[in-house]
Amino acid sequence: MKKRVLVTYNMFRAGYAELIEKYDVTFPPEGRESFTYDEVMDMIEDYDVLQSMFNFKVDEALITKGKRLKLISNYAVGFDNIDVACATRLGIQVTNTPHSVTEPTADQAMGLIYAVTRRIAEMDRRIRIKGNVHVGLLENLGHSLYGKTLGIIGMGRIGCALARRAMAAGMKIVYTKRNRMSNEEEQKYNAIYMSKEELLQCADIVSVNAPYTPETFHIIGEAEFDLMKPSAILINTARGPLVDERALVTALKEGKIWGAGLDVFENGDYPSDELAMLDNAVLNPHLGTQTIETRNEMAFVVSQNIINFFEGGEVFKVNFI
Ligand code: GLV
C-alpha cells in the first residue's frame, strides 16, 4: 500500500510531481486555500506523513493523534510552528527546507534596507496624492548605505547571504552569533564578531536573522533600542516575536531609532494598529520566500525529504531520533 501524505496547503503542484506519482497525496479540495487545524485533526490518524506549512500549528494534540505518523515535513526553514520535542519523544522525524529560503529572504532583507533608508515605500504612498510631497533639494532625505555598518544578529545562512549583498553596497559587517564563525568565514565577509550590546551601539542597520526559540524571544526590546543610534534602522525578516513590538513602536515614535523594515510581526500576520500608523516603518506581509521560483523549489524539497526519508537519500532533519 502506498504511503499516505497529508499536505495542509493548496500549493503549486509542480514541485510535488514525483511525490504525487509515487505516494497517495491529499491536498485541500480545489478552491480551498488550506485545511483548517480541526480538519487536519480529523484526518491525521490515516496518514504516514504530515506536510505542514510554516504558518500551520503542529502541536502536541495533533502529533499524538497521528498514530501512524512517521514524518512531519515542514515547508520552511523555521520550525517554531511544530512541537519538535513531542515529535522526538514519539520517534517522529521532523524535516525542513533550509537552503531554498536563503537567497530570497536575504533579497527581502536587503530590499527592506533600501526601502527604509531611501524612504521608497513612504514616498510612493505620498506622491500618489496631489500636494502630499514637496520636491526640493532638502526634502525627503534618507540615509546612504555606502560606508555604513550592518549589524547582523544571527549570522547563519541568511545572515551570510545578506552580508554578501551589503558588501556589494559598500557596507561594513559586524555580527553576533552563538558560536563565532571561523577566521576563514569571517574573512570572507570581512565581518567583525562582537557582543549584541556592542553591535547595537555601533551598527547603522541592525538585522535580526536568528531562528525563533525561547532564547530569542524579544532579543530586541526596550533595553536594546536604548543602545541603538537615533539614526539606526531595524530589519526583521525572521520571526515577529524576536522583537518586542510595543517597544519598537515607542522607539520609532520617540526617535530612539530612525526607522524599521519588518516582514513579520509579533502577533500573527499583521502589524498592530499603532505600528501601521507610522511612516518610518516599512511593513510587508511575510514576503521573505514569496517568489514563484522559491515556492516551487520549497515544494520540491519538502517532497524530496519525504521520498528520501522512505527510500534513502538526503533528508534535512531538524531532530535526532
Ligand atoms: C519562512 O519564513 C521560513 O521559515 O522558511
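**Exercise 1. Determine which elements cover the buried residues of helix α11, and describe the two ends of this helix.**

Solution. The cover of the buried residues of α11 includes α10 (222-227), β10 (233-236), β11 (259-262), α12 (273-276) and β12 (281-283). Helices (H or I, at least four residues) and strands (E, at least two) are DSSP runs, numbered from the N terminus. The structure is a predicted model, in which local features need pLDDT of at least 70, side-chain atom pairs count only at pLDDT 80 or more, and totals for chains, interfaces and linings use all residues. Residues are numbered from 1 along each chain as its sequence is written, and side-chain values use heavy atoms, with hydrogens and water left out.

Step 1. Helix α11 comprises residues 245-253, and its buried residues are Glu245, Ala247, Leu248, Val249, Ala251 and Leu252. Buried means under 20% relative accessible area, exposed over 50%, and partly exposed in between (1.4 Å probe, protein chains only).

Step 2. At the start of α11, the backbone nitrogen of Arg246 has a side-chain oxygen of Asp244 within 3.2 Å.

Step 3. After α11 comes Gly255, with a positive phi near 70 degrees.

**Exercise 2. Establish the surroundings of Ser303 and Ala203.**

Solution. Step 1. Ser303 belongs to helix α13 (residues 292-311). Ser303 has a relative accessible area of 1% and is therefore buried.

Step 2. The side chain of Ser303 comes to 2.8 Å from the backbone oxygen of Ala299. Neighbours within four places in sequence set aside, Ser303 contacts Gly15, Tyr16 and Leu19; contact means heavy atoms within 4.5 Å.

Step 3. Ala203, by comparison, is placed in the loop between α9 (196-202) and β9 (205-208). Its relative accessibility is 0%, so Ala203 counts as buried.

Step 4. With neighbours within four places in sequence again left out, Ala203 is in contact with Thr149, Gly151, Lys229 and Ala232. Between the C-alpha atoms of Ala203 and Gly259, 56 residues apart along the chain, the separation is 13 Å.

**Exercise 3. State the sign of phi at Asn140 and at Asn190, and classify the exposure of each.**

Solution. Step 1. Most residues other than glycine have a negative phi.

Step 2. Asn140 is not a glycine, yet its phi is positive, about 55 degrees. Asn140 sits in the loop between α6 (120-127) and β6 (149-153). With a relative accessible area of 28%, Asn140 is partly exposed.

Step 3. Asn190 likewise is not a glycine and has a positive phi, of about 50 degrees. Its loop runs between α8 (183-188) and β8 (191-193). At 61% relative accessibility, Asn190 is classed as exposed.

**Exercise 4. Compare the radius of gyration of the protein with that of a compact globule, and describe the overall fold in numbers.**

Solution. Step 1. A compact globule of 321 residues would have a radius of gyration near 20 Å; the protein has 21 Å, which agrees. The radius is taken over C-alpha atoms, and the globule rule is 2.2 Å times the number of residues to the power 0.38.

Step 2. The C-alpha trace spans about 70 × 50 × 30 Å along the principal axes. The protein contains 13 helices and twelve strands.

Step 3. Of the 321 residues, 51% are buried. Among contacts with a separation of 6 or more, 58% come from residues 24 or more positions apart.

Notes:
A polar contact is a pair of N or O atoms within 3.5 Å; within protein, one must be able to donate a hydrogen and the other to accept it, and residues adjacent in sequence count only if both atoms are side-chain atoms.
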